[in-house]
Amino acid sequence: MQTPVTIIGAGLGGLTLARVLHVHGIPSTVYEADPSPSARTQGGMLDIHDYNGQLAVEAAGLMDEFHAIVLEGRQAMRVLDRDGTVLFEEADDGTGGRPEVMRGELRQMLIDSLPAGTVRWGHKVTGTRALGEGRHEVAFADGTDVTADLLVGADGAWSRVRPLLSPATPEYSGTSVVETYLYDADTRHPAAAKAVGGGSMIAPSPGRQFFAHRESGDTLHIYVALAEPLDWFAAIDFTDPDSATERIAAEFAGWAPELTALITDTDTAPVLRPHYALPTEHRWDRVPGVTLLGDAAHLAIPNGEGANLAMLDGAELGKSIAAHPGDIEAALTEYEQVMLPRSTEIATAEDAEIHRVDSEANTAHGLIDMFFEKGQ
């Protein structure tokens, strides 16, 4: 009989692992701190790539369900200069390899694909400890605990499972984003909507950047990135939305008004989201009975790959477990030998520098040059 798998975290990576295990007839239980699937919003759009994220969807046997939630036309993309000039534009002709979906819908697709009761909601982990012989105890805030024969930490940046393997903790990357939304954009915010276009828009500059998505329901989801230390943001009172909006907008003085409107016209209070990262070459020695996936293993600054890598991690770990019945250590070794170098390779790729807002290379022309170089 297969050893049941205990997964901490019902994010995309943990759920993909549970689904792939289910496809192979292997039971698992996912413990999630959220009290329900709808307890909090799940973020915005994700582009799911044909070379990693979609491979995970295929391994999960959910390609039809995936295609049903793709937002048509959202692979369109444009690059703007600070004055609002469109310097690069690419239409969505339906042949691109990065279809866009809403993160919440993708997560619900995975939840719906699992047997009832697989996900145990309202289980916030307070600690973990080794019991010996590859077994681990997981303690929850409600006073209960479970003993795991195979424990997988899919619990994100501040993983409670990671300390079983590594002393590493995320450190501030030097950049943060301020998140805003504009609703009914075409009618209520026409200039901003025209600037964003039909898919995604980026207006980069060293230290300051706009990134926006056109989501479902005529919604613009904006990430205003700034390269500043945490104490700089601490001086801004985000409990006073008007004051915070005014302060952030002041950093974009002289930019095109249709771009600054992405801040000043926000329909929601601005939300600060600092970016943290683990060391680029984060590694650990093999510890029997436990491993990590996704951000718990290789948290990096946003580069378009995080969700895709988490899903691929989950799918490959599930396939390795299925391929080594009765030999968990062989499965974990096989998985980690591929997963860890892959995450390092992506984080240190030649074009990774262009994704850093604090880089001098973070300009519209630098980004466009990168696009053409990758297309050659």
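Let's start with one pair of neighbours: glutamate 137 stands opposite threonine 147 in S10. This is a predicted model, and that pair is a handy way into it, since glutamate 137 turns up again in a salt bridge with arginine 129. From there we can look at two open sheets, one of 3 strands and one of 5 strands, then at the charged pairs, a helix called H11, and an arginine that has no salt bridge.

**The three-stranded sheet**

- The strands of this open sheet come in the order S8-S9-S10, and their pairing is antiparallel.
- S8 and S10 are the edge strands, so to speak the outer rows, each pairing on one side only.
- On average, neighbouring strands here are turned by 20° against each other, if you ignore direction.
- Strand S8 covers residues 125-132 and strand S9 covers residues 135-140, and 6 bridges join the two.
- Across that pairing, threonine 128 stands opposite valine 138 in S9.
- S8 and S9 make a hairpin with 2 residues between them, and glutamate 133 in the turn has a positive phi of about 55°.
- On the other side of S9 comes strand S10 (residues 145-148), paired with S9 over 4 antiparallel bridges.
- Histidine 136 faces alanine 148 in S10, and glutamate 137 has threonine 147 opposite.
- S9 and S10 also form a hairpin, this one with 4 residues between the strands; glycine 143 sits in the turn with a positive phi of about 95°.
- As background, side chains in a regular strand alternate between the two faces of the sheet.

**The five-stranded sheet**

- The other open sheet runs in the order S7-S2-S1-S11-S17, with parallel pairing.
- Its edge strands are S7 (119-120) and S17 (290-292), and each of them pairs on one side only.
- S2 and S7 run parallel and are joined by 2 bridges.
- In that pairing, valine 30 stands opposite valine 119 in S7.

**Salt bridges**

- Side chains of opposite charge can pair when their charged atoms come close.
- Searching the whole structure turns up 17 salt bridges.
- One of them links aspartate 34 and arginine 107, with 3.9 Å between the closest N and O atoms.
- Aspartate 34 lies in the loop between strand S2 (28-31) and strand S3 (45-47), while arginine 107 lies in helix H4 (residues 103-112), so this pair ties together parts that are 73 residues apart in sequence.
- Both aspartate 34 and arginine 107 are buried.
- Back at the three-stranded sheet, the side chains of arginine 129 and glutamate 137 meet at 2.9 Å, N to O.
- What about exposure in that pair? Arginine 129 is partly exposed, with a relative accessible area of 47%, whereas glutamate 137 is buried at 19%.
- Glutamate 316 and arginine 342 form another salt bridge, at 2.8 Å from N to O.
- Glutamate 316 belongs to helix H11 and arginine 342 to helix H12 (residues 328-347), so the pair ties together parts that are 26 residues apart in sequence.
- Glutamate 316 is partly exposed, with a relative accessible area of 22%, while arginine 342 counts as buried at 15%.
- There is a network too: salt bridges with shared partners join Arg208, Glu228, Arg247 and Glu251.

**Helix H11**

- H11 takes in residues 306-323, which makes 18 residues.
- From its first C-alpha to its last, H11 reaches 26 Å, close to the 26 Å expected at 1.5 Å a residue.
- Of those 18 residues, 13 are buried, so H11 is largely enclosed by the rest of the structure.
- Glutamate 316, from the salt bridge with arginine 342, lies in this helix.

**An arginine without a salt bridge**

- Arginine 162 sits in the loop between strand S11 (151-153) and strand S12 (171-182).
- Arginine 162 is buried yet has no salt bridge.
- Which side chain of opposite charge is nearest to arginine 162? That is aspartate 155, 6.8 Å away.
- The side chain of arginine 162 does reach the backbone oxygen of alanine 157, at 2.6 Å.

Terms used: Residues numbered from 1 in each chain as written. Predicted model: local features only at pLDDT ≥ 70, side-chain atom pairs only at ≥ 80, totals over all residues. Heavy atoms only, no water. Expected span 1.5 Å × (residues − 1). Buried < 20%, exposed > 50% of the residue type's maximum accessible area, 1.4 Å probe, protein only. Salt bridge = Lys/Arg side-chain N within 4 Å of Asp/Glu carboxyl O. Pairing = 2+ DSSP bridges. Axes fitted to C-alpha atoms, helices over the stretch in contact; angles between N-to-C directions. Lys, Arg positive; Asp, Glu negative; His and termini not counted. Polar contact = N/O pair within 3.5 Å; in protein donor to acceptor, adjacent residues only side chain to side chain.
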